[in-house]
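Open the model in your viewer and keep the sequence panel visible. The tour goes from one selection to the next and says what is there.

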Amino acid sequence: MKIYLVRHGETTGDIEDRIGGSYDDHLTSLGREQLAKTAQKLADKNIEIIFSSPLVRARESAQIIQQAIGSPIEIVDGFRERHYGVITGMLKSEAKAKYPEAIERHSDLTYTHPDGESYPDFYQRVVNAFASVTNENDRTMAIIGHGGSLKCILKELKQPIPDKLEDGHIIELDCCSAEGCC
């Protein structure tokens with residue numbers, strides 16, 4: 001089975017310098033252009049279904065890809081980005097002033113932000129969603145997600161994990177099963 005992991009394009013939160021996470025923001029015009037280029041790269045890959053995070057930036061990205069390839073989209077809640085609690089979606093400058101410890105420890109995966117989702121819970125949610133969509137079919141698929149959720153999938157499959165997934169990034173996997181890629 002072929003799986004294409006795709007990160008959404010640039011968002012309004014990116015240009016506003018907001019903390020990411022599980023909140024809704026839209027693609028910018030550049031983000032739409034990035035995904036149009038991504039869609040062109042995927043056009044001849046015979047993708048039969050697109051699975052997308054429910055967050056607006058991922059859904060908009062999935063719709064752009066769908067327009068190019070014509071495959072149906074299925075929304076999968078488990079592919080949402082991690083919820084960073086009180087700092088999710090805040091301007092970075094505001095979050096730094098109000099929650100300095102949370103900002104200082106933001107890159108520490110073992111740290112759970114106040115009112116946030118723990119990394120183990122986030123990881124398990126994403127991995128369960130991935131197992132569900134890959135166990136239910138062996139079609140060529142695209143999964144439209146976020147830096148954090150896509151890295152969880154790569155970690156579970158024991159695949160190399162890039163330091164950063166760029167906007168519109170594509171990772172192609174040849175998988176034999178949900179347990180691993182060939």
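Select S118. The model is a predicted one, and in it S118 has a relative accessibility of 16%, so this serine counts as buried, the cut-off being under 20%. Look for S118 in the loop between helix 5 (100-104) and helix 6. Now show its side chain: a polar atom there lies 3.1 Å from the backbone nitrogen of D121. Leaving aside residues up to four places away in sequence, S118 touches R82 and T112.

Stay in this loop and select D115, which also lies between helix 5 and helix 6. Is D115 buried or exposed? D115 is exposed, because its relative accessibility of 69% is over the 50% cut-off. Its phi is positive, about 65 degrees, although D115 is not a glycine. Most residues other than glycine have a negative phi.

Next, select N46, in the loop between helix 2 (29-42) and strand 2. N46 is not a glycine either, yet its phi is positive, about 60 degrees. With a relative accessible area of 63%, N46 is exposed.

From N46, move on to strand 2 (49-52). Show the side chains: I49 and F51 point one way, while I50 and S52 point the other way, and all are buried. Which strands pair with strand 2? Strand 4 runs parallel to strand 2 and is joined to it by four bridges; here I50 stands opposite A142. Strand 3 (residues 73-75) is also parallel to strand 2, with three bridges, and S52 stands opposite I75. Add helix 3 (residues 56-69) to the selection: strand 2, helix 3 and strand 3 make a right-handed β-α-β unit.

Now select F79. Among the residues that F79 touches, not counting those up to four places away in sequence, are F51, R125, F130, I143, H146 and I153. F79 belongs to the largest nonpolar core, which has 25 residues; F79, I3, L5, F51, I143, I153 and L173 touch the most other members. Two or more residues of this core come from each of several elements, including strand 1 (2-7), helix 7 (147-156) and strand 5 (170-177). Which element gives the largest share? Helix 6 does, with eight residues.

For the last stop, select L27, I47, A62 and A142. These belong to a second, separate core of 14 residues. A142 was met before, opposite I50.

Note on methods. Residues are numbered from 1 along each chain as its sequence is written. This is a predicted model: local features need pLDDT of at least 70, side-chain atom pairs count only at pLDDT 80 or more; totals for chains, interfaces and linings use all residues. Side-chain values use heavy atoms; hydrogens and water are left out. A nonpolar core is a set of buried Ala, Val, Leu, Ile, Met, Phe, Trp, Tyr and Cys residues joined through side-chain atoms within 4.5 Å. Buried means under 20% relative accessible area, exposed over 50%, partly exposed in between (1.4 Å probe, protein chains only). Contact means heavy atoms within 4.5 Å. A polar contact is a pair of N or O atoms within 3.5 Å; within protein, one must be able to donate a hydrogen and the other to accept it, and residues adjacent in sequence count only if both atoms are side-chain atoms. Two strands pair if DSSP finds at least two bridges between them. A crossover is right-handed if, with the strands pointing away from the viewer, the path from the first strand over the helix to the second runs clockwise.
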